[in-house]
Amino acid sequence: MEIVTQLSTELSLKVGQVQKTIELIDDGNTIPFIARYRKEVTGSLDDEQLRQLHERLIYLRNLQDKKSQVYNLLQEQNNLTDELAAALNLATTLTEIEDIYRPYRPKRRTRATIAEEKGLAPLADILFAQNLSTSIEETAANFIDPEKGVLTAQDAIDGANDIIAERISDDTNCRKWVRNITWQEGFINSAKSAKKADAKDSPKKDDKIGVYDMYAEFSEPIRKIVGHRILALNRGEKEKQLKITIEAPIEKIQAGLEKRLLKPESPKTEQFIISAILDSYKRLTAPAVEREIRATLTEQAEEGAIRVFSENLRQLLMQPPIKGRVVLAIDPGFRTGCKWAVVDETGKVLETGVVYCTIGTNTAPSKLELKKRIDKYAVNLIAIGNGTASRETEQVVAELIQENTLSVQYIIVNEAGASVYSASKLGAEEFPHFDVALRSAVSIGRRLQDPLAELVKIDPKSIGVGQYQHDMNQKQLGETLSGVVESCVNKVGVDLNTASPSLLAYVAGITPSVAKQILLYREEHGKFTERKELLQVNKLGKKAFEQCAGFLRIPDSTNPLDNTAVHPESYAIAEQFLALQTEDTIEKIAEQLAVGLPTLQDIVQELAKPGRDPREDLPPPLLRSDVLELKDLQEGMELKGTVRNIVDFGAFVDIGVHHDGLVHISQMSNKRIKHPLEIVGVGDVITVKVMSVDFSRSRIALTMKLG
């Protein structure tokens, strides 16, 4: 109940609401199912709120397990006191629990443990008590023991210093205070690594310091530094380009520790204790606190980057499909040519081939070949990948359209991840007789027709809408992005008779192995004719059916409800509602039908627009018929562009010149905003103005402030 109460407080939810939601989760229900079909139980918590609750639930349960583990260890060591038990009970983070247990954790041999083996712990107790009647040297002389390696009084004093230094470092309150003051008043600094500094301004092409120029002499308060800078510093350090240090307010820390640990009127031990405090801080506490702060900064930066990556991915996956178009997709290339594929309205591949239409080649034959396919298949949209040779290919396509006055438009498609899919086992299974690049061309065309259905075939981390994704916790990133894909797939719904195993595997309740069983069933028995036929699929039991049925669509089913998001468990309610002839309010109807109001509202919405695709409400992608080059840009020019990626400091926008322009966060709005996602999303078509163009580095500065 303690965890339920804490979640209720943290998330501003009712205790009963949290309790019932946890029961649903523990009963094996999926997040999409709970969000859509158990609104009465959860109080209409949405997908994002449920995932947040689930993540915190896991953390708090792990925290509780850790508390129990430390409690038992302390008990076994006979070190458990009422004070320690109370501190454990009040701990709210894993770090706090570690601090509590630190003094009692079995240690490897340290300078302090070696001194204790020499019998110097009693001397350390005496000196740390700071009430000597004789001098330190005279007191220490009593602990000389040549057999144990304590040859002089100074040896004894040094050993006692090591013991006291470790005790100070292990003190929970002292360490917490040092950590807090370092966080609040410290700085994170970076400089060229020693190796790079020695190299001076070496002209070697492999010298990457240019990428990190702004961090060559960098300093910023720890509490203010933003996440993307932390990730950049970490990468520079990993690549041995930068040296990162934490600068703490040492004098303030020393003074604070002295105030805490020095006893008044103890002149005989004062300098010794001051020396032990400084040794403890510099040798033990500072390195540990620096590691902890760096780890915390990295964790926070990764969490922020994962949130942005997740939102970018969600917006990309939810891009509206371009339906009813025959697409000529081109995967540009220089040496090996441009692979092309014609894909019909359903995604079926009609023909593939290769043309050579880049610099140094006669483009006339290629134009003729492409025009033949456009005429033959009534192509009305051309998709060009944005990789190598994209600009040259776009030029040829634009000329082809203009020279022949074709009623065809083209669009530049972000091909990130297409090569991953092409070389994957899945790509080989889907198109076993195609060259890898031909598979890529097909993927480019299909991701335009239905971004969600095609992009689920690719590892979300390879889709290219994140920042520093290779530098963060890959497990956490993978789990979060998979959750985003799952959320999008279930929000849109899946055609049971056409979906690939990759798409089916993201449907609530369906595992990859069950997805393959569904495909095998389709191959053996033909199309599904009704939802309940799913129960005949091998390995798909009643629980899985409950979770997945509402998200699967059968457009040609004899029961129209099978092509809606109405769950089979509510078919009777839907049919009763349709049979009613009343002008009562929906609240009264819900009461009459003995159904929850949120469920009835969802049913009514589905009946009003059966088979509705939520992506259709979004603006369509930006299509082009001419080409623009970097040299054509002028300051003050207004252009339409597509947001390709969003990062903490701004948004990268494709304005049709093959070099994305940057709208810095300060140029997005006249009012102050905390993050670009407040203003724009991936895939948004926006109007921008050119502020400046750096032709030497192909950098374009844009603004959304048009007034």
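**Figure 1. Placement of charge in the predicted model of the chain****.** The chain carries 90 positive and 102 negative charges, and the mean positions of these two sets are 3 Å apart. The accessible surface amounts to about 35200 Å². Carbon and sulfur atoms contribute 50% of that surface.

**Figure 2. The chain as a whole.** The model comprises 707 residues, of which 49% count as buried. Its secondary structure consists of 29 helices and 15 strands. Along the principal axes, the C-alpha atoms occupy a box of roughly 105 × 75 × 55 Å. Among contacts with a separation of 6 or more, 67% join residues that lie 24 or more positions apart.

**Figure 3. Helices α5 and α6 in contact****.** Two packed helices are described by the angle between their axes and the distance between the axes. Helix α5 spans residues 47–76 and helix α6 spans residues 82–90. Their axes come within 10 Å and cross at roughly 170°. Angles over 145 degrees count as roughly antiparallel, and α5 and α6 are therefore roughly antiparallel to each other. On the side of α5, the contact is formed by K67, V70, Y71 and L74. The residues of α6 that take part are L84, A85, L88 and N89.

**Figure 4. N78 in the loop between α5 and α6****.** This view shows the loop between the two helices of the preceding figure, where N78 is located. The phi angle of N78 is positive, at about 60°, although N78 is not a glycine. N78 counts as exposed because its relative accessibility is 72%, and the cut-off for exposed residues is over 50%.

**Figure 5. K539 in the loop between α25 and α26****.** Helix α25 covers residues 512–525 and helix α26 covers residues 542–548, with K539 in the loop between them. K539 is a residue other than glycine that has a positive phi, with a value near 75°. With a relative accessibility of 56%, K539 counts as exposed.

**Figure 6. E399 and D626, a pair separated in sequence****.** E399 belongs to helix α18, which extends over residues 390–403. A relative accessibility of 25% places E399 in the partly exposed class, since that class lies between the limits of 20% for buried and 50% for exposed residues. In sequence, 227 residues separate E399 from D626. In space, the C-alpha atoms of E399 and D626 are 7.9 Å apart.

Terms used: Residues numbered from 1 in each chain as written. Predicted model: local features only at pLDDT ≥ 70, side-chain atom pairs only at ≥ 80, totals over all residues. Heavy atoms only, no water. Helix = DSSP H or I, 4+ residues; strand = E, 2+ residues; numbered from the N terminus. Buried < 20%, exposed > 50% of the residue type's maximum accessible area, 1.4 Å probe, protein only. Contact = heavy atoms within 4.5 Å. Areas by Shrake-Rupley, 256 points an atom, 1.4 Å probe, with all protein chains shown as cover. Lys, Arg positive; Asp, Glu negative; His and termini not counted. Charge placed at Lys NZ, Arg CZ, Asp CG, Glu CD. Axes fitted to C-alpha atoms, helices over the stretch in contact; angles between N-to-C directions. Parallel < 35°, antiparallel > 145°, perpendicular 65-115°, else oblique.
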